[in-house]
Amino acid sequence: MNNTEKRTIKKYLQKYSKNKNKFIYPLLEQTLSSDDILAGIKVMFSGQMTMSNVTEEFERKFAKFVGSNYAIMVNSGSSANLLATFASCNPSRKNKFKKGDEALIPALCWPTSLWPLVQSGLKPVFIDPEYKTLNVNADDIIKKINNKTKVIFLVHVLGNGTNVQKIRVFAKRKGIILIEDTCESLGSKLNNKFLGTFGDFGTYSFYYSHQISSIEGGMVVCNSFSDYQLLRTMRSHGWSRKIKLDKNLKKKYQKIDSRFLFINSGFNIRPTDINAAIGLSQLKKLKKFQKIRLSNKNKIINKLKKSNKWDNQFSFFHSSKSINANYFGFPIFLNKNLDKKQKFINFLEKKKIETRPIITGNFVNQPAIKLFKLNKEKKKFLNADRIEKRGFFIGLHAKPISNKILNYLTENLLKFDEIK
Ligand SMILES: Cc1ncc(COP(=O)(O)O)c(C=O)c1O
């Protein structure tokens, strides 16, 4: 971007940015800067805005970055989960699940981690996560595997993960399909390998509040060429466009206009080149953002613990063994006076400190689970309940936290003891 362009974008940013954020410490500080916005605008001016070359470039660079053979961009992380799950039961796949098979999934998950499993006919079997790491323990997953288990749908929670390497060994041996929902953990590594790249499929989200953003957007990664072709077809109506077709199939259907040949079932969950351009521009900043967020996290913890008001009110979560985590949120657990949690949350929000539950809390407690009778046995998930009762999270910004904000945030957090 040359200096004139930079100045122009900055001018427009100042003019149109509504600074709508009513929070002093919001969940998220704008991470899209002039160059990301300009990348999107350039695509708009080019006239080629629907999915095309820029998306392909982002896919290539993303795959290379995470160390996967292939990446397919979609319009959200939820769509990435939908696509990976429906590809896993497609008739064209050798190893596929069928209706009524079981899928292991953590009780601490996002709705659209779970719903594609249910929508595709799988029976979810929930696993309690660990309290300290928020993630499922690999041995707990392995213990739950039985003859009906055909899918393991791991969810890497809030930048952290689990020993997916160990799970993969078991899954491979038993022919179980492994999907890694990495929508909250882009950039995190286990033993120096990116989470999301261990399983048959890994999914990512570039939603506005995540590690990097394309506003809305997601990605599926895989290593097999046939899965790649399948994902591309299913992403776009089941179309054969840009798919390497079998010679015999081409011959058999030569009476059909080859430009409009539909070879499988499908969705329309394509991204636009505008989102891809923004995502591509943001990908370059992933490592920088990770460093700053980690430093902000340490600053907040140190400041809290050094205060004379620190009375061991809170615990902070640990990343799992051998995980190098990339956080975008900062979970806090109350160590005592749990009945005051809601009052404390109300107090923080009043002080313009934005909070969120830890994902959704125990998802099994949600009304939608009852509606679909997904926990008829009324199984208990005690750690997920504990996380829901004790925990909440605040943002971790991708800009260095100022002393003023650090003081404001920590002073208000430490007022917990004063809440009546
Ligand atoms: C674990 C997990 N999976 C999937 C998603 C869905 O991603 P998106 O919001 O991009 O649809 C989210 C969203 O935050 C998530 O937290």
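**Entry 1: strand β2 and its partners**

Before I start, a reminder to myself: two strands pair if DSSP finds at least two bridges between them. The model I am looking at is a predicted one.

With that in mind, I looked up Glu102 and found that it stands opposite Thr149 in β4. Strand β4 covers residues 149-155, and it pairs with β2 in the parallel sense over three bridges.

I then asked myself which residue in β3 is the bridge partner of Glu102. It is Lys123. β2 and β3 (residues 123-127) are also paired in the parallel sense, here over five bridges. Following the chain, I noted that β2, helix α5 (residues 111-119) and β3 make a right-handed β-α-β unit.

Next I wanted to know which residues of β2 point which way. Glu102, Leu104 and Pro106 point one way, while Ala103 and Ile105 point the other way. I use under 20% relative accessible area as the cut-off for buried. Five of the five residues of β2 (residues 102-106) are buried, so the strand is largely enclosed by the rest of the structure.

**Entry 2: a lysine just before β4**

I stepped back from β4 to Lys148, in the loop between α6 (138-144) and β4. Is Lys148 buried or exposed? Its relative accessibility is 52%, so Lys148 counts as exposed.

I listed what Lys148 touches, not counting residues up to four places away in sequence, and found Asp101 and Glu102. So my notes on Glu102 now hold a contact with Lys148 as well as the bridge partner Lys123 in β3.

I also checked Lys148 against Ala384, 236 residues away along the chain: their C-alpha atoms are separated by 24 Å.

**Entry 3: domains and nonpolar cores**

I zoomed out to the whole protein chain. The domain assignment gives domain 1 (34-283) and domain 2 (286-418). Their C-alpha centres lie 28 Å apart. The contact takes 41 residues from domain 1 and 39 residues from domain 2.

Which members of the largest nonpolar core touch the most other members? This core has 94 residues, and the answer is Leu114, Ile152, Phe344 and Leu413. The largest share of the core, five residues, comes from β4. Both domain 1 and domain 2 give residues to this core, so it lies between them.

There is a second, separate core of 19 residues, which includes Leu186, Val221, Leu280 and Ala398.

I picked Leu114 for a contact list, leaving aside its neighbours within four places in sequence. The list holds Ile105, Cys109, Pro124, Phe126, Phe363, Ile369 and Leu374. I recognised Ile105 from my first entry, as one of the buried residues of β2.

**Entry 4: Phe344 and the aromatic pairs**

Phe344 got an entry of its own. I found it in helix α12 (residues 341-350). Phe344 counts as buried because its relative accessibility is 0%.

Leaving aside neighbours within four places in sequence, Phe344 is in contact with Phe314, Leu334, Phe392, Asn412, Leu413, Phe416 and Ile419. Phe344 and Leu413 are 69 residues apart along the chain, yet their C-alpha atoms are separated by 8.7 Å.

How many aromatic pairs does a search of the whole structure find? It finds 26. I began with Phe58 and Phe62: the ring centres are 6.1 Å apart and the planes at 80°, so this pair is edge-to-face. Phe58 and Phe62 sit four residues apart in helix α3 (residues 53-66), which means about one helical turn separates them. Both Phe58 and Phe62 are buried.

Then I looked at Phe344 with Phe392, an edge-to-face pair with 6.0 Å centre to centre and 80° between the planes. Phe344 lies in helix α12 and Phe392 in strand β13 (residues 391-395), so this pair ties together parts that are 48 residues apart in sequence. Phe392 is buried, and so is Phe344.

I followed the rings outward too: Trp310, Phe314, Phe316, Phe330, Phe344, Phe392 and Phe416 form one aromatic cluster.

**Entry 5: a three-stranded sheet**

My last stop was an open sheet of three strands in the order β7-β6-β11, with antiparallel pairing. Which strands are at the edges? They are β7 (193-194) and β11 (323-324), each pairing on one side only.

Strand β6 (residues 189-190) is joined to β11 by two bridges, and Lys189 stands opposite Asn324 in β11.

How values were computed: Residues are numbered from 1 along each chain as its sequence is written. This is a predicted model: local features need pLDDT of at least 70, side-chain atom pairs count only at pLDDT 80 or more; totals for chains, interfaces and linings use all residues. Side-chain values use heavy atoms; hydrogens and water are left out. Buried means under 20% relative accessible area, exposed over 50%, partly exposed in between (1.4 Å probe, protein chains only). A crossover is right-handed if, with the strands pointing away from the viewer, the path from the first strand over the helix to the second runs clockwise. A nonpolar core is a set of buried Ala, Val, Leu, Ile, Met, Phe, Trp, Tyr and Cys residues joined through side-chain atoms within 4.5 Å. Domain bounds come from an automatic or database domain assignment. Contact means heavy atoms within 4.5 Å. Rings of Phe, Tyr and Trp (its six-membered ring) pair if their centres lie within 6.5 Å; planes under 30 degrees apart count as stacked, over 60 as edge-to-face and the rest as tilted.
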